[in-house]
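Work through these short exercises with the model open. Try each task before you read its solution.

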Amino acid sequence: MIRTLVSGLLLLVTTGAAAPPAHPVVHGVIRVDQAGYTPGDSKQAYLMATTPAPGARFTVVDAAGHSVLSGKVAASRGSWNAAYPAVHPIDLSRLDRPGTYRIRVAGIKSPAFSVRPAADLYGELVRDGVKFFRTQRDTAHRNDAAATVYATPHFVTEDVIGDEDLTRIGGPVDVAGGWYDAGDYLKMAHTTAYGVIALLSAERALGKKSLGAAARPGVDWLGKAWDERTGTLRLQVGIGSGNEAGTFTGDHDLWRLPAGDDRDTDPANRYATAHRPVFDAAEPGERISPNLAGRVAAAFALAAQEDAATDPRRARAELRAATSLYARADVDSPPEPLVTALPNEFYPEDTWHDDMELGATEIALALQRLGLPGGRAYVRDAAAFADGYLAEETGDTFNLYDVSALAHADLITAIRRTGGPHGLETGPGRLVADLRRQVRTGADRAARDVFHAGGVYTDFDVASHTFGLLATEALYRTSSGDRSYATFATRQRDWLLGANAWGVSFMIGVGSTFPRCPQHQIANLTGRTLTGAVVNGPNDPELFADGLGDYMDDMVKCPADGADRYAAFTGHGSRYVDDVRAWQTDEPALDMTGSAVLAAALQAAR
C-alpha cells in the first residue's frame, strides 16, 4: 500500500490486491418455521453456513419484494456437520405485521413464511391433523364385522410368528370400522384410545364440537372392542407379518389398497386380508393390563364429557363403559411386559400409573359433567396413581407412552371441582412441579442444541415427543400461570415445521417442504398428499446401516429417482430420509398426529 498526498487529501492506493467486496460471500441454506410465526412472539430462523459468517447481513422482504426488516445474523450456535460448520440464528422478533415474507442473506433465499394470528396458525394445524384421522378411517374391511378371535401367537423374532397356524378361540365378533394405526391396516385399542384422547382433549380446549365428530369413529370402535358383558377387551385386528413356515402372510407382507381385501381368495393371505384375526388383551373376565384399561377408560370418559350436554343417554353409556373397564385393571400384578400390541415390540411401554391416573380423572370429570355423584372417589384414586407415577415412573415426557402431563393437568381441575386437595395422596403442588419437570427436560436439551430442539432426534418418535413438549408447556402454563417457557414452546413448533437441519416440516402439507414419500400405502398408491399426517422424523443413522431394502411388489417408487435429497444434512447422530421404504423416519401414525392436534389446540387456547 502506497501513501500519497494530493491537494491536501491523503489517498490510499492499493497495489496487487482487489478492493474487498461490499458484502462477504455466504453460502448455505436458511431454515424457517414454514407454518409461520405469530405477532408478539419471539421469532427465529437459522442460517446454516458452509463457512462461519459472523456479522452477515440479512434482509426480510414482503410478497412485493420490499425490504421490511434487516439486521445481522447472530453468532453461530455451533456446527451441524462438516458441510455446515456454523448455524447462525436470525432474530425476526420485530416482524409483527401480518403478511408473507422471505429472508435473504447474500444470494441465499429462504422459503416463504407468514406472520399471522396464533388462532389462524394453530387452527390450520388442528384442521390438517383431523384430515389425517379421516384418511385413516377403515370403511373397507366389512368382513371385520364377523371376525374370528385367535389365541396370542408365539413370535420367533420381533414380528415373525413361529406357529404353523393360528388357534381359534372365539368369535364371530364385530370389530368393523375404526382407524388404521399407521401406514398399514392394523387396528389397535392402544393407539386408537390415544387418538380419541388427543382429539377430545383438543376439542375441550378449543370449545369446538367439530373434533368430537372426528373422534367418533375411534370411540365407536372402542365400544365394539370392549365387551362389558364378558369383560373382554379386544386388543388388535390383524397381524404384522406372517409365519416362519411361510404358510400365511401378514399385513406387512403385502402392499395394496384396502378396498380389495375382503375379496382376496388367496389362502396364503387369509389372515392379511379377507379374514383378519382378532386378539384379546386378556382372557374373558380376567384382569386387564392397567395401561390399556386406564387409557381406554379415559377415552370413554372423555366421550361422555363431550356428549353430556347434547346426548346424555349416550354419555351415560360411555361412562358405564369407562367405569366397568377401569374396574378390570390389573393394578396389583401388572403383566410384564405391559400389553400394548402384538408383537409387543410394535409399541413397548413400561408405565401404567399415568394411564390409570388419566382414566380415574376423566371419569371424575364425566360424573361432574353429568351431575352424578361419586367423583371424589375417583379423584382419590387418581391422586394415588399420580403418587405411584411420581415415585416410580418419571423420566419421559408426553407422548404415546406417557400421558401423565394431561393426567396431571386434568387432575388439578378435578381436585378443584371436588373439594380441594385435603386427604389426597398427591396435591396440585406436586402435579405442577412434575409438569415443570417435563417442560424443563425439553428446555434443558434445547438450550444446548444448535436448533433449540427439545426432543431427542437420535431415537424414534422425536416428532411426537416434540409436539408433546409443545402441549405440556401449555398445560403447565395454564396450571401454574408461569409463562417463562413460552419462547421454548415456540422454538419447538419452529423445529417441527421447518426450522431444523433438514428444512422439513414433519407435518405433511404444512409449508413448501414436507415429506413427499411417506411409508403409507394409500398415499403411495393413489398419489394423494397425506395432508396433516405427522411422520416419525429424523432417527439414528445406524437404523439405515443395511440400506432401505427392496421395493415391495406394487409399491410405487418414491422418490422416482431413488435419490436421498437430505443426505447432506445428516449430522449430530441423526438422519432423515424421505423415501417410501424409510419406515424409520417417514411412516406417519395416529399417535404422532394426535399429539400434534392436541398441542396445536392447547397453544391456540392459551
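**Exercise 1.** Decide whether Cys-517 is buried or exposed in this predicted model.

*Solution.* Start with the relative accessibility of Cys-517, which is 6%. Buried means under 20%. Cys-517 therefore counts as buried.

**Exercise 2.** Classify Cys-558 in the same way.

*Solution.* The relative accessible area of Cys-558 is 18%. The cut-off for buried is under 20%, so Cys-558 is buried.

**Exercise 3.** Find the bond that involves Cys-517, and give its handedness.

*Solution.* Step one: find the partner. Cys-517 is joined to Cys-558 by a disulfide, with 2.0 Å from S to S. A disulfide is a covalent bond between the sulfur atoms of two cysteines. Step two: place both ends. Cys-517 sits in the loop between α11 (486–496) and α12 (521–526). Cys-558 sits in the loop between α12 and α13 (583–586). The two are 41 residues apart, so the pair links distant parts of the chain. Step three: read the torsion. About the S-S bond of Cys-517 and Cys-558 it is about -65°, so the disulfide is left-handed.

**Exercise 4.** Which residues form a nonpolar patch on the surface with Trp-583?

*Solution.* The partners are Phe-460 and Leu-543. Together with Trp-583 they have about 270 Å² of accessible area. Now look at Trp-583 itself. Trp-583 lies in helix α13. Its relative accessible area is 43%, so Trp-583 is partly exposed.

**Exercise 5.** Where does pLDDT stay under 50?

*Solution.* Take the whole chain to begin with: the mean pLDDT is 95, and 96% of residues reach 70 or more. Then turn to residues 1–21, where pLDDT stays under 50.

Methods:
Residues numbered from 1 in each chain as written. Predicted model: local features only at pLDDT ≥ 70, side-chain atom pairs only at ≥ 80, totals over all residues. Heavy atoms only, no water. Disulfide = S-S within 2.5 Å. Helix = DSSP H or I, 4+ residues; strand = E, 2+ residues; numbered from the N terminus. Buried < 20%, exposed > 50% of the residue type's maximum accessible area, 1.4 Å probe, protein only. Patch = residues over 30% accessible without salt bridge, like charges linked within 9 Å, V, L, I, M, F, W, Y side chains within 5 Å. Areas by Shrake-Rupley, 256 points an atom, 1.4 Å probe, with all protein chains shown as cover. Salt bridge = Lys/Arg side-chain N within 4 Å of Asp/Glu carboxyl O. pLDDT = per-residue confidence, 0-100. Contact = heavy atoms within 4.5 Å.
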